[in-house]
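Student: Please take a close look at one loop residue in this model and describe its surroundings carefully, giving the cut-offs as you go.

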Amino acid sequence: MTARPDLAHGPDGLARCAWVGADPLQLAYHDAEWGRPVHGEAAWFERLSLEAFQSGLSWSTVLRKRESFRSAFAGFDPDLVAAFTPTDRERLLADAGIIRNAAKIDATIRNARAVLDLREVGGLEALVRAHRPERHTRPASLAQVPATSPESRALATALKGHGFAFVGPTTMYAAMQACGIVDDHVAGCHRADAG
């Protein structure tokens, strides 16, 4: 069998999307979470927040800091984060356990407030799910995986219209992949074969 550059084989011999590499955290994330449906407001808020923090960085950096993020941002409970004060902001900027980017920290607090406002019109989860593509073809290779889609561009616009920040089309496409809105496990990946 010819090796495919868009697949990586883990220590268990299973084929996975090549972006996983050899990082055990990414391997576990790929197998247990990536591409699986997410439910609940806090879970959606966490995923959108982490995708925003990842922007410009590697996903493995975010995964290594994920528990610190959860602690720093009150379990991503939007009610609690929306109530963060300037003192909380300073605490976050001093927290070496998270990515200390002032713009992304400010966006997360702002986005928590926007999540609360979205409750009046059906909530964050409903808004994201409303942008699910009618059809999505499983990619045969990583080269077929887009960075954005018409749906991710529309979702970014909708979220920005509700006051969200750091929710560009590329970040929203990554969130759609992560949360099972689109399934971009490449053909041959054991998760693609699992359905």
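Tutor: What follows is an account of Asp183 and its contacts, and then of two residues in another loop. This is a predicted model, in which local features need pLDDT of at least 70 and side-chain atom pairs count only at pLDDT 80 or more, whereas totals for chains, interfaces and linings use all residues. Residues are numbered from 1 along each chain as its sequence is written, and side-chain values use heavy atoms, with hydrogens and water left out.

Asp183 sits in the loop between helix 9 (169-178) and helix 10 (190-194), where helices are DSSP runs of H or I with at least four residues, numbered from the N terminus. Because its relative accessibility is 22%, Asp183 counts as partly exposed, a class between buried (under 20% relative accessible area) and exposed (over 50%), with a 1.4 Å probe and protein chains only.

Leaving aside neighbours within four places in sequence, Asp183 is in contact (heavy atoms within 4.5 Å) with His136, Arg138 and Pro139. With Arg138 there is a polar contact between the two side chains, at 3.1 Å; such a contact is a pair of N or O atoms within 3.5 Å, and within protein one must be able to donate a hydrogen and the other to accept it, while residues adjacent in sequence count only if both atoms are side-chain atoms. A polar atom of the Asp183 side chain also lies 3.1 Å from the backbone nitrogen of His185.

In the loop between helix 3 (59-72) and helix 4 (78-82), Ala74 has a positive phi of about 50° although it is not a glycine. Phe76, in the loop between helix 3 and helix 4, has a positive phi of about 60°, and because its relative accessibility is 0%, Phe76 counts as buried.
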